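Biologist: I'm new to this one and would like a close look at a single part of it. Could you pick a spot, start there, and then walk me outwards through its surroundings?

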Amino acid sequence: MRQRVRLRNSDPCSSHSPACPGRPVSPSVQRRLRARRLRLQNPDPPPPPRLGRPLPTMAGRPRPQPQQHSPSASTRRRERWLVVLGVALHAVYMLSIFDIYFKSPIVHGMAPVPPRLSAPPAKRLVLLVADGLRADKFYEPDGRGRYRAPFLRGVIQEKGRWGVSHARPPTESRPGHVSIIAGFYEDPSAVTKGWKANPVEFDSVFNQSRHTISFGSPDIVPIFCSSLPHSTWGTYPHEYEDFATGPLILQFIFFLGHVFFTLLEALIADASFLDHWSFDQFQGLLNRSFDDVKLRQLLLQDKLVIFLHLLGCDTNGHAHRPYSDIYLNNVKVVDQIAESVYNLMESYFKDNQTAYVFTADHGMSDKGSHGDGHPSNTDTPLVVWGAGVRSPKFLTYTEKPDDGFRFVDDHKHDTPTPQDWALEGFERVDVNQADSSSNVYTCGFAMPDEFCGELTYSLFEIKQGQTVAADEVEAVLANTKQILNQFLRKSVLNQIEDLISAKDYETALKHSEELRDGSCWSSLFPNI
Ligand SMILES: [Zn+2]
Ligand SMILES: [Zn+2]
């Protein structure tokens with residue numbers, strides 16, 4: 001065995017060797033030998049290690065390895081086109097969303113329809129908006145069974161009406177204020193401006209007033225007042241919202257640096273001073289009017305709107321969550337401000353001709369945010385009282401309304417009234433948020449052009465003390481006409497657009513001129 005191995009390894013001229021001298025060698029064998037010699041002189045680099053199972057062999061011979069081909073030019077061109085096509089399709093899908101859903105629904109050009117009231121019950125309206133105040137934290141008692149808003153609870157039980165005002169998503173500050181003050185749900189195209197500016201100008205209760213006085217956040221008040229000549233308004237600096245300061249010591253810390261102060265603010269700041277700021281400005285204005293004859297005359301005229309924006313709950317809700325003591329204490333602050341405003345107005349005017357509305361633009365989720373359609377964000381308090389507002393209605397057991405869930409546009413009560421609110425004996429009037437501005441009918445001036453809310457008949461009593469209240473009918477009729485005008489105008493505009501699409505320019509021009517002149521209704525709608 002040892003010898004055989006030695007012979008095989010050492011003797012190149014064994015009988016099996018084709019290279020043994022003395023034997024004839026064919027040309028093909030010579031070629032193979034030459035090739036073998038060359039391979040021995042220039043060995044190939046070892047093949048790269050292969051992962052996975054080896055390829056099966058056939059008859060003991062290795063199968064040819066698949067070669068990796070680089071993609072040809074035509075394949076690369078096809079892939080590039082595929083990528084371009086994919087990007088183009090996604091761009092079209094995105095643009096179609098903006099084209100379909102983010103178009104302004106605002107219709108311009110309707111004539112205002114003031115109610116033909118013999119004597120409006122209210123000369124002025126006070127609108128108090130507690131930004132970010134959710135309904136349950138406002139109505140429920142605290143841990144010791146005491147209610148956080150004793151003044152407004154007294155109003156509910158003795159003077160006015162209450163309910164829940166249902167906001168629509170997006171439950172943001174600007175859309176909420178637009179629906180309260182302008183009476184329509186926010187123009188979706190405003191999202192392209194970050195909810196900060198007006199992409200399309202719109203009418204508002206302030207426009208229709210004779211004069212408007214407004215104090216509050218620089219993010220809200222200028223939306224409605226910046227281009228309004230008949231308004232007196234003021235805002236605090238933006239820094240107040242970022243740095244919810246106390247008086248002097250925090251003013252000093254402000255100068256120490258942004259980072260340090262932000263950390264400190266998260267720990268100790270209470271933004272309720274923003275609410276006090278709005279009230280102080282209004283109180284200062286009334287005090288100045290005793291020395292300023294022009295200002296006093298301005299205040300004593302009718303169709304006056306006073307709007308105080310109270311941002312404390314929103315800022316504290318974001319910073320400390322709505323379960324925090326700071327947020328819950330801010331509920332007490334806005335109640336105290338409502339009481340102070342009421343006392344101030346009644347002592348200043350002494351005529352019982354002021355209507356009051358207290359509500360919020362949106363609520364606040366448990367996480368300290370808002371924007372979606374969760375009830376903690378959509379349900380806000382509503383308390384109305386004063387001139388033109390019905391007195392509380394006490395309910396017997398059989399009169400208690402249906403508490404079943406209904407859709408937001410067709411509801412009276414979204415959720416049952418919790419027992420711990422202790423208000424089941426008083427009629428609850430839930431409204432859609434855009435309806436809350438209908439209270440200006442009590443002042444006798446027209447609703448904003450784009451107003452799409454309803455006069456909430458359960459809240460307001462236009463003419464008091466008469467069996468047949470003609471003024472109430474006039475108010476409802478004006479509300480109906482105003483909404484109908486929007487529908488008709490939008491219908492005509494759609495017809496004109498259709499005519500242009502069909503290249504019927506002559507008829508489109510005719511209808512456009514008729515619409516401009518106001519003579520189109522009878523020709524386009526003969527049955528109306
Ligand atoms: Zn807000
Ligand atoms: Zn907010």
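Modeller: Sure, and keep in mind that this is a predicted model. Let's start at T417, which sits in the loop between β7 (379-386) and β8 (431-432). Is T417 buried or exposed? Its relative accessible area is 10%, and buried means under 20%, so T417 counts as buried. The side chain of T417 also has a partner: a polar contact of 2.7 Å ties it to the side chain of R428.

Now step out to the sheet. β7 and β8, the two strands on either side of that loop, both belong to an open sheet of eight strands, ordered β4-β3-β5-β1-β6-β7-β2-β8 with mixed pairing. At the edges you find β4 (231-235) and β8; each has a single partner strand, so one side of each has no neighbour in the sheet. A helix also packs on this sheet: α12 (residues 273-289) touches β3 (211-216), β4 and β5 (304-310), and its direction makes about 145° with that of β3. Elsewhere in the sheet, β1 (residues 124-130) pairs with β6 (residues 354-359) in the parallel sense, over six bridges. If you want a place to put your finger, R124 stands opposite T354 in β6.

Staying with β6, have a look at F358. Leaving out residues up to four places away in sequence, F358 touches a whole crowd, including L128, A130, L133, V334, P381 and W385. F358 is also part of the largest nonpolar core, which has 55 residues; L133, Y139, F282 and F358 are the ones touching the most other members. Helix α15 (residues 325-349) gives the most to this core, with 13 residues. There is a second, separate core too, with 41 residues, among them I106, A122, F445 and F460. As a general point, nonpolar side chains tend to be buried together in soluble globular proteins.

Last stop: the metal. The zinc ion (ligand 1) has protein donors from D131 (OD, listed twice), S173 (OG), D361 (OD) and H362 (NE2), at 1.9 to 2.7 Å from the ion. Along the sequence, these donor residues follow the spacing D-x41-S-x187-D-H. Distant parts of the chain are linked here: D131 lies in the loop between β1 and α4 (135-139), while S173 is in helix α6 (residues 173-181), 42 residues apart. Both D131 and S173 are buried. The zinc ion (ligand 1) has metal company as well, with 4.5 Å separating it from the zinc ion (ligand 2).

Conventions: Residues numbered from 1 in each chain as written. Chains lettered and ligands numbered in written order. Predicted model: local features only at pLDDT ≥ 70, side-chain atom pairs only at ≥ 80, totals over all residues. Heavy atoms only, no water. Core = buried A, V, L, I, M, F, W, Y, C linked by side-chain atoms within 4.5 Å. Buried < 20%, exposed > 50% of the residue type's maximum accessible area, 1.4 Å probe, protein only. Helix = DSSP H or I, 4+ residues; strand = E, 2+ residues; numbered from the N terminus. Contact = heavy atoms within 4.5 Å. Polar contact = N/O pair within 3.5 Å; in protein donor to acceptor, adjacent residues only side chain to side chain. Pairing = 2+ DSSP bridges. Axes fitted to C-alpha atoms, helices over the stretch in contact; angles between N-to-C directions. Donors = N, O, S within 2.8 Å, 3.2 Å for Na, K, Ca; no water.
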